[in-house]
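Below are my notes on the structure, set out as numbered points for a reader at the bench. Please read them with the sequence and the model open side by side.

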Amino acid sequence: MRIKILTALIAGSFALTACGSPTPEPAPAAAADDSGVEFTADDFELDPAIAPKGYPAKVDINGRKKKGQDANAPGHKYNAYKKGDLVPVKCQSSSGGEIWDYTTEGWWVPDKYVKTGTDGWAPGVPRCGDETSDGGGKKVHGRNNGPAGPKTGTRAEKIKRVIDAAKSQMGKGYLYSWGGGGKGGPSYGVEHHVREGGDDYYRYGYDCSGFTLYAFWKGAGIDIGPNTTAQYKAGKQVPLTQLEPGDLIFWGNGDNAESTTHVAIFLGGGKLLEASWPRDANSVRIKDLYGQGSWTAHAIRVI
């Protein structure tokens, strides 16, 4: 089915794109630069249907005004949560490779001091949505902008950087979200539709083509287009029997670009890397090759 979504963004109304959509690429949003900015609840796009969750504090925890800060940073609150207190977690984010929890009182606390039952992203807790490759982005829905990666190097070096860029998004709790992601990394989805117990409009992460767009832009400075239709035309068609790492695999009919519904990156060794449903903390993942009977007639070699 050909899907077209129109939604209003801060800068106006644009046609947004996602997996399987033939809608033309919108003018990219300006790259955000929110490094060091103090985010508050008003900056996050959170699903009102998801209530904050309370988790016991493992130790006495000082509240921070910004994620990543030291315990005694300016503006901190001493012992905002005492050992055993329930920490009311509104959403989660990351800084310096660590998970941080944002509370209903407006404090950031290191997740390692909160007993969520896991060392990773807590199930059912939304992402705050303040993470993109260019330093941050407030309430960005759909394709975003970000700095291009290097265009230099051999073909093998470029392919390695693309795959490395894609792999770098694994394990960060990003959810599959229709219309989410772009050149600047993860973003919120574009439509108010409830799937798998939540609304994609409030889910922070990638859809399939937003993910591949990011990988090629960040890894090799190549704009492959905002959706599967454009991406199927972004390189040379190669037989499925001649797949090489870095090739794009598509689901669709024959060589009809507008029929494409999904895209993934071939890794070699019978593996692919994709952003796909189910919508959980493992939506960006490596999998064995699957669904070959539904692939397009060719793969696409961009590099």
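1. Residue Y176 has Y206, in strand β13, as its bridge partner. Strands here, like helices, are DSSP runs numbered from the N terminus, with at least two residues (E) for a strand and at least four (H or I) for a helix. Strand β9 and strand β13 (residues 204-206) run parallel and are joined by two bridges, and two strands count as paired if DSSP finds at least two bridges between them. The wider arrangement is an open sheet of three strands with mixed pairing, in the order β9-β13-β10. Because β9 (175-176) and β10 (187-188) stand at the edges with a single partner strand each, one side of each has no neighbour in the sheet.

2. A word on the basis of these notes: the model is predicted, local features need pLDDT of at least 70, side-chain atom pairs count only at pLDDT 80 or more, and totals for chains, interfaces and linings use all residues. Residues are numbered from 1 along each chain as its sequence is written, and side-chain values use heavy atoms, with hydrogens and water left out.

3. For the chain as a whole, the secondary structure comes to three helices and 19 strands. Of the 303 residues of the protein chain, 51% count as buried, where buried means under 20% relative accessible area, exposed means over 50%, and partly exposed lies in between (1.4 Å probe, protein chains only). Among contacts between residues at least 6 apart in sequence, 64% join residues at least 24 apart, a contact being heavy atoms within 4.5 Å.

4. How many disulfides does a search of the whole structure find? The search finds one, a disulfide being a pair of cysteine sulfur atoms within 2.5 Å. The cysteines concerned are C91 and C128, with an S to S distance of 2.1 Å. C91 lies in strand β6 (residues 86-95), whereas C128 lies in the loop between β8 (108-110) and α1 (155-167), so the pair ties together parts that are 37 residues apart in sequence. The link is right-handed, with 95 degrees about the S-S bond, and both C91 and C128 are buried.

5. Helix α1 deserves a check of its geometry and of its faces. Its 13 residues should span 18 Å at 1.5 Å a residue, and its end C-alpha atoms are indeed 18 Å apart; the expected span is taken as 1.5 Å times one less than the number of residues. The residues of α1 that are buried are I159, V162, I163, A165 and A166. Seen down the axis of α1, these buried residues fall within an arc of 160 degrees, so they line one face of the helix, the arc being that of the directions from the helix axis to the C-beta atoms. An α-helix has 3.6 residues a turn, so residues three or four places apart point the same way. The face of α1 turned away from its buried side carries the exposed residues A156 and K160, while the buried residues of α1 pack against α2 (208-220), β16 (262-268), β17 (271-275) and β18.

6. Strand β16 is mostly covered, since seven of its seven residues are buried. Strand β15 (residues 248-251) runs antiparallel to β16 and is joined to it by four bridges, with V263 in β16 as the bridge partner of F250. β16 also pairs with β17 in the antiparallel sense, over three bridges, and here the bridge partner of G268 is K271. β16 and β17 form a hairpin with two residues between them, and G269 in the turn has a positive phi of about 60 degrees.

7. R285, in strand β18 (residues 284-288), is a charged residue to look at with care. Its relative accessible area is 14%, so R285 counts as buried. The side chain of R285 reaches the backbone oxygen of W277 at 2.4 Å, and a polar atom of that side chain lies 3.2 Å from the backbone oxygen of N282. For reference, a polar contact is a pair of N or O atoms within 3.5 Å; within protein, one must be able to donate a hydrogen and the other to accept it, and residues adjacent in sequence count only if both atoms are side-chain atoms. Leaving aside residues up to four places away in sequence, R285 touches M170, L272, L273, E274, S276, W277 and P278.

8. Is Y55, which lies in strand β3 (residues 53-56), buried or exposed? At 12% relative accessibility, Y55 counts as buried. Y55 and V114 are 59 residues apart along the chain, and their C-alpha atoms are separated by 6.4 Å. Not counting residues up to four places away in sequence, Y55 touches V114 and several others, among them D85, L86, V87, K115 and P123.
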